[in-house]
Amino acid sequence: MNQLPTDQLAAQLRGELLVPGDPGYEDARHVYNGMIDRRPAVIARCRGVADVVHSVRFAVEHSLPVAIRGGGHSVAGHGTCDDGLLVDLSGMRDVRVDSEAQTVRVSGGATLADLDANTQLFGLATPSGQVSMTGIGGLALTGGMGMLQRRYGLTCDNLLSADVVTADGTVVTASADSHPELFWALRGGGGNFGVVTSFEFRCHPVGPTILAGMVAWPVEQAPEVLAFLRDFIVDTPEELSADAVIQFAPPLDVIPEEHRGRRLIGIFLRYFGTDLDPEIVRPVQEFGSPVLDFIYPMPYTAVQQLLDPLNPNGNLHYWTGEYLPELGTKQIETLSSYGATLPTDHSIMQVIPFDNAVTRVDPDATAFSHRQDSWLIHVMAQWTDPADTDRCRGWAKQAGADLRAVGSGDSYLNLVTGDEDVDRVSAFWNEDRLARLAKVKTQYDPNNLFRFNHNIKPA
């Protein structure tokens with residue numbers, strides 16, 4: 001690659017410009033998944049919209065592809081690249097709440113923790129994910145599955161407008177009334193169409209205290225627990241979320257010593273109804289003989305961070321996300337089998353009801369395509385020793401294949417690792433939807449400048 005005139009770009013930026021060899025470059029290029037080891041030619045650590053515009057125009061002038069980093073939490077490593085320009089938004093984390101309108105304006109580099117801390121000052125929340133270090137941008141653009149979804153839908157369903165720097169360096173606002181096709185595409189089409197520098201979301205009354213925690217049993221009881229969850233969730237209020245989580249029990253005082261370090265299946269509960277009536281979760285606590293019963297009123301912000309210790313930055317990851325149309329005998333047998341063989345004490349399987357508010361949305365209303373009542377299965381192989389890579393990755397790949405054999409074949413792209421991109425993108429969008437997205441891509445990014453994503457080719 002010819003020497004880039006990066007001094008010109010550095011002079012235009014309010015933020016910091018980094019190239020290989022600069023102090024801070026090594027830290028800046030790393031992302032959440034330790035499997036990702038890429039070296040951008042230029043990292044622009046943006047401080048505002050003008051920095052983003054200058055960076056995009058520089059990339060176009062010098063034929064550099066552009067990666068976009070918010071929280072850096074993409075398991076596929078989309079928040080970095082080799083030999084391109086990385087637009088790093090992590091310094092743009094402003095959050096402004098309009099409590100009367102019940103909306104929030106969030107800058108493109110903000111995390112879920114930033115969002116929650118500010119909305120909760122007013123007893124409000126926007127549906128988001130389950131790990132607080134996640135960037136709101138990548139989550140929202142590809143869907144946004146989380147703890148409030150049964151009542152308030154996906155993160156993308158609550159998007160009201162977005163400010164976008166397109167491939168020619170133009171700033172546009174996408175909403176229902178302005179650039180409506182772009183607005184449609186941003187709600188589930190990923191980072192294909194530009195750099196979103198700010199999002200406006202709808203908020204809802206939540207908290208500040210909700211009822212939450214986990215009830216757990218030995219993993220050998222997984223078939224019975226999954227069947228119980230399937231039947232229990234049907235008649236529960238939408239304010240209650242209940243996911244099954246299969247994991248190794250951590251060495252916590254609340255877990256009996258004989259079960260620490262063993263595989264457990266738990267039901268992770270969150271209830272934010274106005275009365276916080278403990279009777280809502282009583283059937284879970286009274287099912288079988290749980291070895292853990294840890295349900296308490298706690299701050300919503302604390303609940304949003306409960307899974308953080310299971311998801312530290314820098315571990316090695318391989319994930320897949322599969323939809324099952326039902327939890328019948330075959331599906332439960334497959335889930336139980338893989339839950340009993342989690343390959344490391346960091347690996348997790350999550351079984352998430354996908355129903356109510358998320359499936360009431362018209363399938364054509366947003367680019368996010370999966371709107372059928374179903375179960376979303378998050379298979380997460382996570383390890384720390386590179387010697388375990390083949391074994392752990394093989395386990396996750398085989399689990400995904402076997403779940404697809406008893407499932408719909410649909411995937412949730414926020415949970416899909418990079419080497420599955422091509423097949424899973426086509427599985428996520430049907431032919432007509434993909435054609436519509438390609439037209440939007442052609443209008444706003446005709447040369448595929450923004451290609452480090454679950455990529456949609458221009459028409």
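**Internal cavities of the predicted model**

At least two residues of the lining of the second largest cavity are supplied by each of α6 (149-152), β13 (240-248) and β17, where helices (H or I, at least four residues) and strands (E, at least two) are DSSP runs numbered from the N terminus. The structure is a predicted model, in which local features need pLDDT of at least 70 and side-chain atom pairs count only at pLDDT 80 or more, whereas totals for chains, interfaces and linings use all residues. Residues are numbered from 1 along each chain as its sequence is written, and side-chain values use heavy atoms, with hydrogens and water left out.

β13 contributes the most to this second lining, with three residues. The complete lining consists of Gly-146, Gln-149, Arg-150, Ser-241, Ala-242, Asp-243, Arg-270, Ile-352 and Pro-353. The second largest cavity (a set of points on a 1 Å grid over the protein atoms alone where a 1.4 Å probe fits but cannot get out; lining residues have an atom within 4 Å of a point) holds about 40 Å³ of space. Its lining comprises three nonpolar, three polar and three charged residues, with Ala, Val, Leu, Ile, Met, Phe, Trp, Tyr, Cys and Pro counted as nonpolar, Asp, Glu, Lys and Arg as charged, and the others, Gly among them, as polar.

Across the whole structure, two cavities of 30 Å³ or more were found. The largest has a volume of about 910 Å³, a volume being the space filled by probe spheres set on grid points joined across faces, edges and corners. Its lining is formed by 50 residues, with His-73, Ser-74, Thr-134, Leu-139 and Asn-414 nearest the centre. Two or more lining residues come from each of β3 (66-69), α5 (136-141), β10 (195-202), β17 (348-354) and β18 (374-383). The lining of the largest cavity divides into 25 nonpolar, 24 polar and one charged residue.

Definitions and conventions:
On a 1 Å grid over the protein atoms alone, a cavity is a set of points where a 1.4 Å probe fits but cannot get out, and a pocket is an open set with protein on both sides within 12 Å along at least five of seven lines; lining residues have an atom within 4 Å of a point.
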